[in-house]
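Reader: Hello! Could you walk me through this structure, one step at a time?

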Amino acid sequence: MLRTTTVAAVRAFKPVQVSAIPRRAYSEDAFKKKETAEEAKYFRAKEAEEIKKLKEALAAKEKEIAALKNKK
């Protein structure tokens, strides 16, 4: 009788994370990207609003300076 040896494949055991809240790995990243994009959009709009107000204030000051120069 021939002697044979059996080699068993050993797999590394990876524990499964158990959480009370079900999570999807693929959707979590998508929501984070959307949140970042929405925040960036909000702050760009706020900055554009502030720039518009500053430009209006600058134009008013320039008119004021021009009026003072014409007075002399």
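Author: Gladly, and here is a term to begin with: a salt bridge is a side-chain nitrogen of Lys or Arg within 4 Å of a carboxyl oxygen of Asp or Glu. The model is predicted, so local features need pLDDT of at least 70 and side-chain atom pairs count only at pLDDT 80 or more, while totals for chains, interfaces and linings use all residues. Residues are numbered from 1 along each chain as its sequence is written, and side-chain values use heavy atoms, with hydrogens and water left out.

Reader: How many salt bridges does a search of the whole structure find?

Author: One salt bridge joins the side chains of Lys-33 and Asp-29, at 3.6 Å from N to O. Lys-34 forms another with Glu-38, where the closest N and O atoms are 3.8 Å apart. For the whole structure, the search comes to two.

Reader: In which helix do Lys-33 and Asp-29 lie?

Author: Helices (H or I, at least four residues) and strands (E, at least two) are DSSP runs, numbered from the N terminus. The protein chain has one helix and zero strands. Lys-33 and Asp-29 sit four residues apart, about one turn, and both belong to helix H1 (residues 25-71).

Reader: Is Lys-34 buried or exposed?

Author: Buried means under 20% relative accessible area, exposed over 50%, and partly exposed in between (1.4 Å probe, protein chains only). Its partner Glu-38, about one helical turn away in H1, is partly exposed at 42%. Lys-34 has 52% relative accessibility, so the label is exposed.

Reader: What percentage of the 72 residues of the protein chain count as buried?

Author: Let's look at some residues and then the chain. Lys-33 is exposed at 56%, whereas Asp-29 is partly exposed at 40%. Of the 72 residues, the share that counts as buried is 1%.

Reader: Which kind of pair do the rings of Tyr-42 and Phe-43 form?

Author: Rings of Phe, Tyr and Trp (its six-membered ring) pair if their centres lie within 6.5 Å; planes under 30 degrees apart count as stacked, over 60 as edge-to-face and the rest as tilted. The count comes to one aromatic pair. With centres 5.2 Å apart and planes at 80°, Tyr-42 and Phe-43 are therefore edge-to-face.
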